[in-house]
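Visitor: Could you take me slowly through one part of this protein, and then show me how that part fits with the rest?

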Amino acid sequence: MKRLPLVVAPLLLSLQGCHIPTLPDPGERTTIDFNGLPTPSPPSDGTVSRGCSYEEDGFTLDHLSSCVAGSGSEFKSIHPSNYRFSASVSLFNNTQLGITRLRQKGGGSFAMVSIDLDGLNGSATFVPPGGLIPYPEPATFTFVGTRQDGTVVMSLFTTDHNFPGRQTHAFGAAFDRVAAVTWMQDNGYPRPSQQFDNIVVGPATGSRVALLMDVQPAAASGR
Ligand SMILES: [Ca+2]
Ligand SMILES: [Ca+2]
């Protein structure tokens, strides 16, 4: 029989009588890639509204910024006939400063591993009052991860000038054991300027003791 570390044994004893869930295999990872979304039939500009909530592989993306289905401000997918398409079908939040939130369906902690990012307008320009100006790209992404104990972590990424041409942003250990990750659509006046794809997530792989406490916060803290 394997010996329990001194730190773990008292904790497990204190949780006797509580429901202790099966912990996931830390080697399992999932890629949310949007590739199952059907290509639109012509005529189309190659983008398709996908509503205010999107589910894939046991995870949910929610549009948190007063999203109204059918308004055109929802999530949209980008397909090969659109000039923004790069490599494979991706998604964007079609609201300026719109917030996107990723959570595991049914709750629980997970590890945010990486995400592919790109701009949305490239070198295109527009004419506001005052003359021709380019869209504000490269686009900046600000990711905020929240753990079940309320701890908040943050990660920033700015895309390059290659468009369409995605980059992979890796999160590292700080984004292990998060319960939710949000990011805000860049201001992008007069239209949004970020797209994302290939969200790689996995089971929380940090402290196994901490993970047990995450899934049983009431039992562990007495709240
Ligand atoms: Ca894809
Ligand atoms: Ca790029």
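Guide: Let us begin with a sheet, keeping in mind that this is a predicted model. Six strands form an open sheet of 6 strands in the order 3-4-7-14-11-12, and their pairing is antiparallel. At its edges lie strand 3 (53-56) and strand 12 (152-158), each of which pairs on one side only. On average, neighbouring strands of this sheet are turned by 20° against each other, with direction ignored.

Looking closer at one pair within the sheet, strand 11, which covers residues 140-146, is joined to strand 14 by 4 bridges, and the two run antiparallel. In this pairing T146 stands opposite A180 in strand 14. In general, the strands of a sheet pair through backbone hydrogen bonds, either parallel or antiparallel.

From strand 14 we can move on to the nonpolar core. The largest nonpolar core has 27 residues, and the members that touch the most others are F110, A111, M112, I199 and V201. Two or more residues come from each of several elements, including strand 14 (180-184), strand 8 (110-118) and strand 15 (195-203). Strand 8 gives the most to this core, with 5 residues. As a general tendency, nonpolar side chains in soluble globular proteins are buried together.

A111 is a good residue to follow, since leaving aside residues up to four places away in sequence, A111 touches F175, D176, R177, V201, G202, P203, A204 and T205.

For the wider setting, the protein has 3 helices and 15 strands, and 29% of its 223 residues count as buried. Among contacts between residues at least 6 apart in sequence, 74% join residues at least 24 apart.

Conventions:
Residues numbered from 1 in each chain as written. Chains lettered and ligands numbered in written order. Predicted model: local features only at pLDDT ≥ 70, side-chain atom pairs only at ≥ 80, totals over all residues. Core = buried A, V, L, I, M, F, W, Y, C linked by C-beta atoms within 7 Å. Buried ≥ 20, exposed ≤ 12 C-beta atoms within 10 Å, placed from the backbone. Contact = placed C-beta atoms within 7 Å. Pairing = 2+ DSSP bridges. Axes fitted to C-alpha atoms, helices over the stretch in contact; angles between N-to-C directions.
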